[in-house]
Amino acid sequence: MPTPTRPALTARRAWQLRLLLALTALLLLVGLYAPMLTIEQFLFIQSSFSVMSGTWQLLVQGQYLLFLLIAGFSIVLPALKLLVLLRLTGAAIHHDSRLPRYLKLMHDYGRWSMLDVFVVAVLVVTVKLGAIAQVQVHYGLYAFCAAVLLTLFITACISRLGPDND
């Protein structure tokens, strides 16, 4: 007896998810370029940075491993994940045979793309500077987190299209 398959994504629902993907991409760009943190040291020195400026500074200062980790997990993988999600909306509509493979890819590697490593990086900066500096959070961090949450929501919506993992 053939196993039942889940229905394909409707054109309307795919359009809605693509609209959310566009909003997510916009929030990600704002989150990458907008100021995230301001560090104030000794009441005289203030420096604000975004993900992009912070990763650039790591490269300039020769911190190549940190540069690769932060750039890879906070910039490159989130962008790739959004592209895969966009591809998945089309694959789900057309009953593409690659849909299960894309869904597995998103499940296995998707959760590493943004939140975990980025939060650890912010915590490291905050802990290292806590004794000698104050850290203020700005809207770039909120935009980045909103992009993360929307990406997780869209991934969950699309992953429901795959076969059950019974």
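What follows is a look at a small strand arrangement and a nonpolar surface patch in a predicted model. Residues are numbered from 1 along each chain as its sequence is written, and side-chain values rest on heavy atoms, with hydrogens and water left out. Since this is a predicted model, local features need pLDDT of at least 70 and side-chain atom pairs count only at pLDDT 80 or more, while totals for chains, interfaces and linings use all residues.

Starting with the sheet, three strands line up in the order β2-β1-β3, an open arrangement with antiparallel pairing (strands are DSSP runs of E, at least two residues, and helices runs of H or I, at least four, numbered from the N terminus; two strands pair if DSSP finds at least two bridges between them). The edges belong to β2 (45–49) and β3 (133–137); each has a single partner strand, so one side of each lacks a neighbour in the sheet. From one strand to the next, the twist averages 20 degrees (axes are lines fitted to C-alpha atoms, and angles run from 0 to 180 degrees between N-to-C directions). Five bridges join β1 (residues 37–41) to β2 in the antiparallel sense, and L37 has F49 of β2 as its bridge partner.

Turning to the surface, L23, L26, V30, V137, Y139 and Y142 make a nonpolar patch of about 590 Å² (patch residues have over 30% relative accessible area and no salt bridge, with nonpolar side chains joined within 5 Å; a salt bridge puts a side-chain nitrogen of Lys or Arg within 4 Å of a carboxyl oxygen of Asp or Glu; areas come from the Shrake-Rupley method with a 1.4 Å probe). Helices α1 (11–33) and α6 (139–159) each supply at least two of its residues, and α1 gives the largest share, three residues. Y139 sits in α6 and counts as exposed because its relative accessibility is 53% (exposed means over 50%, buried under 20%, partly exposed in between).

Technical notes. Patches are made of residues with over 30% relative accessible area and no salt bridge: like charges are joined within 9 Å, nonpolar side chains (Val, Leu, Ile, Met, Phe, Trp, Tyr) within 5 Å. Buried means under 20% relative accessible area, exposed over 50%, partly exposed in between (1.4 Å probe, protein chains only).
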